[in-house]
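Please open the model in your viewer, switch on a cartoon with side chains available on demand, and follow the stops below in order.

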Amino acid sequence: MNENIPAVAILKHDHAHIGPLFEHLLAQMLADKGISTATMRFLAHQQPHFLGALFGHVILRSPAIQAQGQLLRQSFTHLPAPPPEYQGTRRENIQVDASWEGQSQACGWRSVTWRGAAGAYSCAGLRVPAQVGLTTRIVIIGAGAAGLLAARALLDVGFVNVVLFDQSGQCGGVWNQDFLRGASRANPFPLRFEDYQLDAAPGTGHAVMEWLHSIARGRSDRPPTMIKARVLTVQPGDVEHRICYEDEAGRHHEMMAPIVINALGVGEPLSPSRPGVMTTDVAPHEAGIRWQQVWTAEHARRYHGRTVLFISLSNSTLEMVKQIQHFNRAGLNIDYRILTHYPDAALAEPGRVVMHHGHKMRLYRSPEKMQLLRLAGDLPEVAAAFEQARDTGHIVSHVMHWSLEHGEQRRVVAIREDGVVQRFPYDELYTLIGYAPNADLLREMGLSVNHPYLGAVDLDYDSEVQRAPEVAGRARLYPGYFCLGIRNAFNMNEVLLPGLLFRLPDVVAGVILRSIEYFLRGQQH
């Protein structure tokens with residue numbers, strides 16, 4: 001296995017200090033992705049502004065390189081063609097994402113780019129050559145946050161044939177649902193796409209929906225084409241992919257496209273049983289309510305004098321607990337319990353890493369380290385809800401297994417790490433443990449699944465889909481097939497809005513380079 005640091009990681013981190021090595025690393029970066037010499041010859045004849053914006057701004061996010069478009073143009077006339085080295089391993093991809101750490105002189109876009117997360121996206125006037133933008137069909141699967149951001153970014157750089165497939169036929173995905181639109185959002189810092197800004201939390205999910213819809217409308221009169229349909233399979237190839245889909249009437253169709261971006265979205269509730277966390281013999285359809293809800297006062301009154309039981313101490317659970325605490329302060333009496341695998345030490349110090357049976361555990365997320373997928377305890381209202389639940393004895397820790405006991409009174413039977421068995425009566429059960437696309441569906445779409453439970457797939461650092469992981473060069477890939485917003489093995493922020501803004505520039509750059517390849521192939525026939 002290759003143990004070298006990928007060329008792209010060195011370029012992203014040390015672009016201002018590598019001097020004469022720049023051309024060698026640039027050539028290695030392109031060779032690692034299997035970019036052809038014909039594409040490099042094409043790039044050598046493009047305008048300096050295009051080259052500076054593509055390589056300097058979008059790929060390296062460097063104002064210094066962006067201003068050197070003329071030098072980039074000259075470089076492409078004599079770049080060497082080294083053998084590929086990068087193999088798309090988890091270790092290499094972590095190194096690429098880590099290249100944004102420790103930048104003491106970050107400026108421009110780099111000042112809002114961190115490891116695995118970003119606060120902004122801008123194309124900086126990048127425009128693809130007209131013939132490339134006109135001839136490339138781009139299919140995006142899913143019109144949620146990931147699909148909309150990708151579609152608008154590609155339209156803005158000059159692609160005109162952008163097709164969005166979405167089963168609902170609506171933009172916004174899960175953010176259109178009441179359980180998110182009416183609930184709190186948790187983005188720890190402001191997010192900006194071009195001129196559209198979403199302020200930092202606190203606030204409601206409605207603001208996210210409005211932000212996404214504004215981005216979808218854009219500043220131009222070129223909306224993406226929306227097809228209301230369910231994508232059944234993707235048969236990926238080499239800048240030639242077959243999409244099979246079912247329309248509203250149940251008829252099956254096929255579409256070919258050189259570029260596909262799979263942006264399926266959050267997927268479905270995870271299986272209730274997760275080995276190594278909390279296991280259960282309860283089937284998914286018996287696990288109660290699987291999505292968080294926004295209660296009205298009338299809804300809350302139904303639970304007065306009753307008990308609500310939550311499986312998992314998650315952000316969705318605390319969103320529900322905040323509502324229960326609010327209605328109890330208003331005079332209702334709603335009891336609740338939260339079952340969690342977290343140990344008492346993690347609950348006592350939720351902002352610190354604790355060791356438990358040889359494993360590091362931390363309850364709260366860490367925005368300063370861009371670890372954003374845990375509890376949003378940096379937000380005062382979330383921390384207050386958690387602390388009240390903990391300090392009033394509503395959280396049951398150390399649970400390793402749970403099951404249901406049916407009878408005159410429904411109960412959850414919890415087995416703790418020490419073997420103690422506890423029974424908790426309940427009137428309503430919520431199992432809010434997270435969401436992911438179904439692994440079988442991912443495989444039907446030509447993706448290599450490395451974590452079936454979480455729906456994580458094998459991708460390059462730019463989210464191009466791998467067909468043969470740990471192979472150097474083009475043979476590793478389905479060139480022109482990308483993912484956005486689907487979990488991978490190297491950045492768990494990928495499913496969050498800051499993670500989408502972080503990965504989007506790499507996807508845009510990859511799409512442009514593969515679209516040039518597609519255009520040049522057409523010129524040969």
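Begin by selecting Phe165 and Tyr245, both of which are buried; keep in mind throughout that this is a predicted model. A search of the whole structure finds ten aromatic pairs. In the one formed by Phe165 and Tyr245, the ring centres are 4.6 Å apart and the planes meet at 55°, so the pair counts as tilted, given that tilted pairs are those that are neither under 30 degrees, as stacked ones are, nor over 60, as edge-to-face ones are. Phe165 belongs to strand β5 (residues 161–166) and Tyr245 to strand β9 (residues 241–247), so this contact ties together parts that are 80 residues apart in sequence.

Next, add strand β8 (residues 225–235) to the selection, which runs parallel to β5 and is joined to β5 by four bridges. Within this pairing, the residue of β8 that stands opposite Phe165 is Ile227. Strand β8 is also joined to β9, here by six bridges and in the antiparallel sense, and Thr233 can be found opposite Cys244 of β9. If you follow the chain from β8 into β9, you trace a hairpin with five residues between the two strands, where Val239 in the turn has a positive phi of about 50°.

Now move to another sheet, an open one of four strands in the order β13-β19-β20-β21, whose pairing is mixed. Strands β13 (279–280) and β21 (421–425) stand at the edges with a single partner strand each, so one side of each has no neighbour in the sheet. Select β19 (residues 399–405) together with β20 (residues 411–416) to see an antiparallel pairing over six bridges, in which Val399 stands opposite Arg416 of β20.

For the helices, select α9 (residues 145–156) and α17 (residues 497–524), which pack with their axes 10 Å apart at an angle of about 40°. The two helices, α9 and α17, are therefore oblique to each other, and their crossing is right-handed.

Finish with two places where a charged side chain is set against an aromatic ring. Which residue lies over the face of Phe502? Selecting Phe502 and its surroundings shows Arg61 there, at 5.3 Å from the ring centre. For the second place, select Tyr461, where Lys33 lies over the face of the ring at 5.7 Å from its centre.

Conventions:
Residues numbered from 1 in each chain as written. Predicted model: local features only at pLDDT ≥ 70, side-chain atom pairs only at ≥ 80, totals over all residues. Heavy atoms only, no water. Pairing = 2+ DSSP bridges. Phe/Tyr/Trp six-rings, centres within 6.5 Å; stacked < 30°, edge-to-face > 60°. Buried < 20%, exposed > 50% of the residue type's maximum accessible area, 1.4 Å probe, protein only. Lys NZ or Arg CZ within 6 Å of the ring centre and 35° of its normal. Axes fitted to C-alpha atoms, helices over the stretch in contact; angles between N-to-C directions. Parallel < 35°, antiparallel > 145°, perpendicular 65-115°, else oblique. Left-handed = near helix turned anticlockwise from the far one by under 90°.
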